[in-house]
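Reader: I'd enjoy going through this model with you and asking what stands behind each label. Shall we start?

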Amino acid sequence: MTNEFTWKVGGAQGEGIDSTGEILATVLTRMGYYIFAYRHFMSLVKGGHTNYKIRASTLDPIYYHGDDLDMLVAFDQLSIQENEDELIEGGIIIHDAKFQATTKRAGLKVCSVPLSDMAKELGNAIIKNMVAAGASAYVLDIDPSNFYEQIEQQFGKKGVELVELNKTAFNKGYDYIKDHYGDVRRPAPQATKPATGSLLMSGNEAIGLGAVLNGCRILAAYPITPATEILYWVLANLPKYGGKVLQAEDEIAACIMAIGANYAGVRSMTSTSGPGLSLMMEALGMAGISETPLVIVDVQRGGPSTGLPTKTEQSDISGALYGSHGETPRIVITPTTIPDCFYQIGRAFNLAEEYQLPVIVCSDLLLGMNKMAFRDLDLSTVDIARKGFVDQEQLDALEKGAFKRYSLDTESGVSPRSIPGMKNGRYCALTNEHEETGLEIEDVPMRKAQMEKRFRKFDELQKHVNDWGYDYTGVEAPDVLIVGMGSTVAQIQEATRHFDGISYGHLQFRCLAPFPTDVKKYFEAAKKVYVIDNNYTGQLAGIISREIGYHAKLNPVLKYDGNPFTIRDIVTAVKG
């Protein structure tokens, strides 16, 4: 018996697919399993195919939902057509008896269960999701009491009748497959329930939590898939800490609100996806030239334009690095895992304030809208380091108008800032080029000096980014070096387990600006380099070429169909 299993439910949107998956995901997490739960859905309210996949392990945290599938629950024939290729040999299909299931593969165990009819008998068509959960529980040999506990917690506030209805539906599914397909049982590996419990969290939730705990007190945003969940999570929780959520009329206004709040001294952020990031570009330049801290979270999706709102991609990187007119120093962070989303948003706030510039956190839909179970977050890493402010005692020693908000006398490029209301401070920050006190200029030497001052910040940042901007594992001089950014880390790590006879190194970026130049030594040592790029033009390979060269060694491996990389994609690219 292996230490993991995979399960998926599929159907039309509006049939309760997500709720079916959420029920099992929550139960498994409470039982002590590590899981990764992946949602595949279309940008429709009803209709179209959607599915929810869970990969569960008893031993190790799971960061990717896996290539294969042990068990499929199909609410319609399309779900079988779309997903049967993933099923392992001898895999199980439980399908709604309302349709005649057909498969193109032999060797699958097909179980017909009247999910819809049972739900209708109970007077609630949507409750077939609980019937399906019961059938799944029998096959996986999960004690029903685990589901009863979840049902009571989820529906208890709505009354005893609803709790009992859901338990009855669960039992109907459990008993039906037990009575008609008793030999289909495929016991899941036994999990040991941890004493402290587990967290089940999406990347969007991790970013929201990290923002709140790291002192963010204003989120200004406009709803956009797949970033809207950040807005909803923060809206539900930030007011408890005295913060405010501002839903703006568009992304332009949202970004400017966040800049204004930061200028007033309040840690603030905005969250968006690709189209919204495009709209924020002029405001990003405003934050840059006024040297105002700004945190932007970009949960990437398939582009361009409206593109693929519910599919993942890593194609906003060039825009994040180089977007906005003129030249604006900014930091670009690419978190690698769901827990890493929590840690990197905290880093983003500290860096934005310390260096007084925009920080763009480029997550993506794979991280943002999917969930994993893990044991805990290290809250000791939360360090609200509010730097870069002038204190009132220093201002009191100055004459009115003498404070040099944009002082050139700074080795790091960072000059202390005052907050509106401080005596002898500055109350305006022009978006025109300015001299040291902030007054508008078109003076050539001063313009040159201010540009150089702003970009000196990168010289200071460069000293530290190599400490946290990437991870490397593997041998020192490998046959192949696999390079990725952000969320591709899990698939690359799992792919390397299949590199029999090939020595390898794995380099994963979590910061692209400033670029961690220490990585050059890994490219020098490797015989061949594969760059895993979840976009069409090989944006990461392009950045590497621009920053450190090695054009001839780089072999971009591209994917741009809206789906995340699979383990097979990477193994095939390397081994052929």
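Author: Gladly. Let's begin with a definition: a residue is buried under 20% relative accessible area, exposed over 50%, and partly exposed in between. Please keep in mind that this is a predicted model.

Reader: Then why is Tyr 343 called partly exposed?

Author: Tyr 343 has a relative accessible area of 27%. Partly exposed covers what lies between under 20% and over 50%, so Tyr 343 at 27% is partly exposed.

Reader: And why is Phe 342 called buried?

Author: The relative accessible area of Phe 342 is 1%. Buried means under 20%, so Phe 342 belongs there.

Reader: What makes Phe 5 and Tyr 33 an edge-to-face pair?

Author: Two values settle that. Ring centres have to lie within 6.5 Å for a pair, and planes over 60 degrees apart count as edge-to-face. The centres of Phe 5 and Tyr 33 are 5.7 Å apart and their planes stand at 90°, so the pair is edge-to-face. Phe 5 lies in strand S1 (residues 4–12) and Tyr 33 in the loop between helix H1 (17–31) and strand S2 (34–40), so the pair ties together parts that are 28 residues apart in sequence. Both Phe 5 and Tyr 33 are buried.

Reader: How do you know that Phe 342 and Tyr 343 also form an edge-to-face pair?

Author: By the two cut-offs again. The centres of Phe 342 and Tyr 343 are 5.3 Å apart, and the angle between their planes is 80°. With 6.5 Å as the limit for a pair and over 60 degrees for edge-to-face, the label therefore fits Phe 342 and Tyr 343.

Reader: Which residues form one aromatic cluster?

Author: Tyr 138, Phe 147, Tyr 148, Phe 170 and Tyr 174 form it.

Reader: What makes you say that Arg 185 lies over the face of Tyr 138?

Author: A charge over a ring needs CZ of Arg within 6 Å of the ring centre and within 35 degrees of the ring normal. Arg 185 is at 3.9 Å from the ring centre of Tyr 138, so the distance part is met; lying over the face is how Arg 185 is placed. For Lys 128, the charged end sits over the ring of Phe 75, 4.7 Å from its centre. For Lys, NZ is the atom used, with the 6 Å limit, so 4.7 Å meets that limit.

Reader: Why is Asp 141 called partly exposed, and what is its phi?

Author: Asp 141 has a relative accessible area of 39%, between the limits of 20% and 50%, so partly exposed is the right label. Its phi is near 60°, a positive value in a residue other than glycine. Asp 141 is found in the loop between helix H4 (128–140) and helix H5 (144–155).

Reader: And what makes Ser 305 exposed?

Author: Ser 305 has a relative accessible area of 64%, and exposed means over 50%, so Ser 305 is exposed. Phi of Ser 305 is near 50°, again a positive value in a residue other than glycine. Ser 305 lies in the loop between S11 and H12. Pro 304 has its place in that loop too, and a cis peptide bond with omega of about 5° joins Gly 303 and Pro 304.

Reader: Where is Pro 226, and which residue does a cis peptide bond join to it?

Author: Pro 226 has its place in the loop between S8 and H8. The cis bond joins Thr 225 and Pro 226, with omega about 5°.

Reader: Which residues of helix H8 are buried, and what do they pack against?

Author: In H8 (residues 228–237), the buried ones are Thr 228, Ile 230, Leu 231, Val 234 and Asn 237. They pack against helix H7 (203–213) and strands S8 (218–221), S9 (244–247), S10 (268–272) and S11 (294–300).

Reader: How do you know that Ile 256 can belong to a surface patch?

Author: Patch residues need over 30% relative accessible area. Ile 256 has 39%, so it passes that cut-off. Together with Ile 252 and Leu 279, Ile 256 forms a nonpolar patch with about 230 Å² of accessible area. Ile 256 is in helix H9 (residues 251–263).

Definitions and conventions: Residues are numbered from 1 along each chain as its sequence is written. This is a predicted model: local features need pLDDT of at least 70, side-chain atom pairs count only at pLDDT 80 or more; totals for chains, interfaces and linings use all residues. Side-chain values use heavy atoms; hydrogens and water are left out. Buried means under 20% relative accessible area, exposed over 50%, partly exposed in between (1.4 Å probe, protein chains only). Helices (H or I, at least four residues) and strands (E, at least two) are DSSP runs, numbered from the N terminus. Contact means heavy atoms within 4.5 Å. Rings of Phe, Tyr and Trp (its six-membered ring) pair if their centres lie within 6.5 Å; planes under 30 degrees apart count as stacked, over 60 as edge-to-face and the rest as tilted. Patches are made of residues with over 30% relative accessible area and no salt bridge: like charges are joined within 9 Å, nonpolar side chains (Val, Leu, Ile, Met, Phe, Trp, Tyr) within 5 Å. Accessible areas come from the Shrake-Rupley method with a 1.4 Å probe; for residues, only the protein chains shown count as cover. A salt bridge is a side-chain nitrogen of Lys or Arg within 4 Å of a carboxyl oxygen of Asp or Glu.
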